[in-house]
Amino acid sequence: VRELMVTDPLMKELSVYLREEAQKLIGADQYPYKTGTSALLTAARDYVYRLITLSLAYRMFEEQSFLKESETILEWICKYPDWNKVHFLDTAEMTIAVSIAYDWLYHDLSPEIRQKAKNCILQHALLIALKEYKNGDEGSWAKRETNWNVVCNTGMSFGALAISEDLAKEIIDNAVKYIPNCLKHFQPDGVCYEGPSYWEYTTMHLAMFLKLLNDNFKTDYGLGELPGISKTARYYVNTVSPSDQVFNFADSPEDYPVYKSPVFFFYSKYYNQPEVASWYRALIQKHVINKKENPKWHFFLCIPWYDNAPSTVVTPNKLQVFYGVNDMMLIGQSTCKCNKCHSTFEATWEIESSDTTDHDHGMGEETEYLCTLETTCPECGTEISASMTVCEYPVGFLVPISHINVTPGTAQVSIPLVDFFDL
């Protein structure tokens with residue numbers, strides 16, 4: 001890293017930026033302890049950012065102020081009576097924050113701070129995790145098929161490896177066993193069914209877990225070879241628009257920052273995809289260095305993970321098809337005829353919600369999609385509301401729509417064309 005700080009212009013700028021941002025964290029207010037669902041999640045994520053930033057800055061620049069602030073944060077976190085085990089994402093991210101500082105600063109932390117951190121990782125996280133691995137059902141954070149699985153298992157693995165080799169084997173064995181429950185949904189082309197924001201959340205923690213495995217055990221136990229994982233970074237790169245906007249399907253905001261995660265450097269090295277690294281370097285230069293848009297969280301891991309490999313790829317393919325995304329339902333527009341002024345116009349439907357039940361009809365699950373239409377007559381301003389239920393049963397087949405509910409007396413609304421397909 002220090003050599004690249006001299007020879008690579010972007011790395012030099014990143015190191016300067018790291019130091020500047022670390023200095024801003026000196027003396028920052030601490031988060032008070034709170035209870036309730038996800039009560040500590042914001043605090044935990046900010047502490048991940050602070051302790052990565054400060055610990056890395058101390059390792060690189062050896063300024064005592066960065067070490068002292070890290071100790072202040074660790075001591076504060078360790079005063080919490082717990083890390084909100086009822087919402088285990090809070091616990092997992094707090095464990096990652098403390099474990100990284102504990103590991104990176106181990107020889108320079110005071111013995112008192114080291115012992116407090118070790119005790120909290122054990123009591124607030126690992127002992128709870130061991131019970132969950134033993135007693136949790138398939139909906140448990142440890143075993144479910146969503147981002148929680150990868151994030152929480154990664155957090156527990158970080159904590160275990162930081163403080164106890166004995167616990168590390170049992171916890172990491174369980175993590176390796178259950179993480180594929182989530183990763184199976186990335187096949188065949190690396191698409192995350194939860195959308196791009198949860199793609200970043202899941203793959204960032206997967207990258208951290210794969211690096212932990214390879215750095216300590218020289219293997220990833222086959223996780224990196226699961227179908228779709230090697231393709232996932234390329235998938236994401238190819239779905240970002242020329243204006244750096246994400247394809248925000250599923251549970252993702254449209255303004256999610258594409259430059260947020262250093263995960264691209266990890267996967268570019270792991271799978272020898274230099275075009276991914278080149279693409280991400282350009283994003284960092286444009287958004288973080290030039291515009292000072294600090295994405296925080298894990299961002300400064302882009303320094304130890306930095307990949308300066310040149311790319312021979314000039315432009316991506318004009319069109320690529322990626323398989324494995326959510327089942328897709330397309331709803332055409334409806335023709336509306338206003339009852340007041342008799343004008344005719346087109347209006348668009350939205351899928352409001354869905355509900356899946358397992359009926360005793362012998363053909364599996366039935367899903368009902370509640371669709372709504374809200375519009376205003378462009379001629380007279382009459383407000384028009386309509387709703388309809390689209391039924392999928394069996395999976396992949398739509399029951400013909402027979403009726404639309406329209407606000408009485410406002411308009412006539414035609415039944416739209418609805419098509420359903422599984423990519």
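Let's start with Asp173, which is partly exposed, with a relative accessible area of 40%. Its side chain meets that of Lys169 in a salt bridge, at 2.9 Å from N to O. Because they sit 4 residues apart in helix α8, residues 165–178, Asp173 and Lys169 are separated by about one helical turn. Lys169 counts as exposed, at 58% relative accessibility. Before I go on, please keep in mind that what you see here is a predicted model.

Why would two such side chains meet at all? Side chains of opposite charge can pair when their charged atoms come close. In this structure there are 12 salt bridges, and I'd like to show you two others.

Go to helix α2, residues 9–24, where Lys24 and Glu21 are 3 residues apart and so about one helical turn from each other. Their side chains form a salt bridge with an N to O distance of 2.9 Å. Are the two partners buried or exposed? Lys24 counts as exposed, with 59% relative accessibility, whereas Glu21 counts as buried, at 8%.

The other example is in helix α4, residues 64–77, which holds both Glu71 and Lys68, 3 residues apart, or about one turn of the helix. Here the salt bridge between the side chains spans 3.9 Å, N to O. The cut-off for a salt bridge is 4 Å, so this pair still counts. Glu71 is buried, with a relative accessible area of 11%, and Lys68 is partly exposed, at 48%.

Now let's step back and take in the whole protein. It has 13 helices and 10 strands, and its C-alpha atoms fill a box of roughly 80 × 50 × 40 Å along the principal axes. Of its 423 residues, 51% count as buried. Looking at contacts with a separation of 6 or more, 68% come from residues 24 or more positions apart. The protein exposes about 20400 Å², and carbon and sulfur atoms supply 50% of that.

What about charge overall? There are 35 positive and 55 negative side chains, and the centres of these two sets lie 9 Å apart. On the surface you can find a negative patch formed by Glu350, Glu352, Glu374 and Glu383. One of them, Glu374, belongs to strand β5, residues 365–376, and it counts as exposed at 59% relative accessibility.

From the surface, let's move inside, to helix α12, residues 263–270. Why do I call this helix largely enclosed by the rest of the structure? Because 6 of its 8 residues are buried. Those buried residues are Val263, Phe264, Phe265, Phe266, Tyr267 and Ser268. What do they pack against? Their neighbours are α10 (196–217), α11 (232–239) and α13 (274–290).

Stay in this region and find Asp307, in the loop between α13 and β1, the strand at 328–331. Asp307 is buried, with a relative accessible area of 7%. Leaving aside residues up to four places away in sequence, it touches Phe265, Ser268, Lys269, Ala277 and Arg281. Two of those names, Phe265 and Ser268, you just heard among the buried residues of α12. Asp307 and Lys211 are 96 residues apart along the chain, and their C-alpha atoms are separated by 15 Å.

To finish, a few words on the backbone. Most residues other than glycine have a negative phi, and most peptide bonds are trans. Where does this model depart from that pattern?

Just after α12, Asn272 takes a positive phi of about 55°. Lys218 is not a glycine either, yet it has a positive phi of about 60°. You will find Lys218 in the loop between α10 and α11, where it is exposed, with a relative accessible area of 68%. Then there is Lys292, again not a glycine, with a positive phi of about 55°. Lys292 lies in the loop between α13 and β1 and counts as partly exposed, at 48% relative accessibility.

And which residues does a cis peptide bond join? They are Gln187 and Pro188, with omega at about 0°. If you want to find the spot, Pro188 is in the loop between α9 (180–183) and α10.

Definitions and conventions
Residues numbered from 1 in each chain as written. Predicted model: local features only at pLDDT ≥ 70, side-chain atom pairs only at ≥ 80, totals over all residues. Heavy atoms only, no water. Patch = residues over 30% accessible without salt bridge, like charges linked within 9 Å, V, L, I, M, F, W, Y side chains within 5 Å. Areas by Shrake-Rupley, 256 points an atom, 1.4 Å probe, with all protein chains shown as cover. Lys, Arg positive; Asp, Glu negative; His and termini not counted. Charge placed at Lys NZ, Arg CZ, Asp CG, Glu CD. Helix = DSSP H or I, 4+ residues; strand = E, 2+ residues; numbered from the N terminus. Buried < 20%, exposed > 50% of the residue type's maximum accessible area, 1.4 Å probe, protein only. Contact = heavy atoms within 4.5 Å.
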